[in-house]
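Me: I'd like some help reading burial and enclosed space in a model. Could we go through it step by step?

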Amino acid sequence: MRQTIQIDPRDNVAVALCPLTKGAEVAAGKHTVTALEEIPQGHKLALREIPVGEPVIKYGFAIGHASANIPAGGWVHVHNVKTNLSEDAAYSYNPKPCPLPAAEPRSFMGYLRPDGRAAVRNELWIIPTVGCVNSVAQKLAADNQHLVAGSIEGLYAFPHPFGCSQMGADHAQTRRLLAALARHPNAGGVLVLGLGCENLTLEQFKQELGEWDAERVKFLVCQEAEDEYAEGAALLAGLAGYAGRFQRQPLPASKLVVGMKCGGSDGLSGITANPTVGRFSDLLIAQGGSTVLTEVPEMFGAEGMLMDRCQSREVFDKAVKMVEDFKRYFTSHGQVVYENPSPGNKKGGITTLEDKSCGCVQKGGAAPVMDVIGYGQQVVVPGLNLLSGPGNDMVSCTALTAAGAHIILFTTGRGTPFGAPAPTVKISTNNALFAKKPGWLDFNAGPVAEGESLDEAGARLLDFVLEIAGGRKTCTEQKGFREISIFKDGVVL
């Protein structure tokens, strides 16, 4: 097994693929150095002397600068590296070619909806318009599990705290996000549950929803019902009758939309799991499919890598606006844009936000960026899409689901048990975590650190995703873990 890796020939640091003992002689690229101290797995050591003020290079990019003289073989981390980021940045459009790999058409066993969209699950969803009816929604879901039969694979409620006491942009975001969930193809039937006195009225919801199939979407206002549980059960039974007509059939992989997310990252995230997802993304897009990359704050410092791949000046301008809007969001709350990574990230070996961001954007592969979409909007242009959303795991995964992602690929170096409304595939960055948390993790990218090529790992992941699309349950699905969280910015009345 390799002890270290120099990701790019231009790098002046290497990443430890296993814990290094003091005095260990290690080779990376054309360099051989002696570790001057213990280096934890996922952390960096200097391949040559890095004088104070000189850039620290990883992934071929500056991830910060040395805040002290770093000797060759020295541990490179938060104690001797500082970020280069600031709130101000100028962007220029420098388009570059983005060739895609050759890919043979693949298929999966999915559900074909009347509007031509594919689905990978056939479920019943209960969506509260306001947090006041969360308990009613959850009881309806619990009391009617007998409807999960035949081709109906689940009945879930999605509680949240909003839908009332919100104004302006927050109110609009909640309305838009919930309506987008109601349109998701994995929901064969949807019960929209209101209270009756909330700000988010059913009239507003219906207007946001647009045209809908009256067989697929039903509405219930609890204050108007004599017995909301009896009436809700009857509506769910009708929805089950409709959804139960759908059966799995062969569908082209080009119909798939897959979200991409990372959380609990470590120093191997940008070396194993994230670039594996990137290879998968390129393979799916080469077949005509779509992927969605979000977490805008975790693009800071690496946004240029994505902007140069925008397929047009119009898309570039949308990407710049997305990044600048998020920076203004930070500064309007008196926060600096580089207040990241988290303590867990740092423990795993990530030093600066640039370090984290360069690893994060590896999930986007090498495909051209075809479109940039807003929070609560759906993918309409096939290929790689950027989605405006924060880094928070539940908020961003909810946004990915609302964007139409059938499946979410979630890479992690530390592990997490939560699940989004869409099947959430947890991908381990390292073998040790995969062995430790088999009830959390679905796919292991750890073999990349031992020599498996990224092309092989990406093809392996494509095979696995097609299995999930065909009905194989993720770890979170087996436990029934489904959660949503809605992004907010303003006051609560």
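Me: Thr424: buried or exposed?

Reply: Buried means under 20% relative accessible area, exposed over 50%, partly exposed in between, with a 1.4 Å probe and protein chains only. Thr424 has a relative accessible area of 0%, so it counts as buried. Bear in mind that this is a predicted model, where local features need pLDDT of at least 70, side-chain atom pairs count only at pLDDT 80 or more, and totals for chains, interfaces and linings use all residues. Residues are numbered from 1 along each chain as its sequence is written, and side-chain values use heavy atoms, leaving out hydrogens and water.

Me: Which residues is Thr424 in contact with, leaving aside neighbours within four places in sequence?

Reply: Contact means heavy atoms within 4.5 Å. For Thr424 the list is Ile408, Phe410, Gly419, Asp442, Thr474 and Thr476. Closer along the chain, the Thr424 side chain reaches the backbone nitrogen of Ala420 at 3.0 Å, and a polar atom of that side chain lies 2.9 Å from the backbone oxygen of Ala422.

Me: And how does one find empty space?

Reply: Rolling a probe the size of a water molecule over the atoms shows where empty space is left. A cavity is a set of points on a 1 Å grid over the protein atoms alone where a 1.4 Å probe fits but cannot get out; lining residues have an atom within 4 Å of a point. Here there is one cavity of 30 Å³ or more.

Me: Which residues lie nearest the centre of the largest cavity?

Reply: Ser269, Gly270, Ile350, Lys356 and Gly359, out of 14 lining residues.

How values were computed: On a 1 Å grid over the protein atoms alone, a cavity is a set of points where a 1.4 Å probe fits but cannot get out, and a pocket is an open set with protein on both sides within 12 Å along at least five of seven lines; lining residues have an atom within 4 Å of a point. Grid points are joined across faces, edges and corners, and a volume is the space filled by probe spheres set on the points. A polar contact is a pair of N or O atoms within 3.5 Å; within protein, one must be able to donate a hydrogen and the other to accept it, and residues adjacent in sequence count only if both atoms are side-chain atoms.
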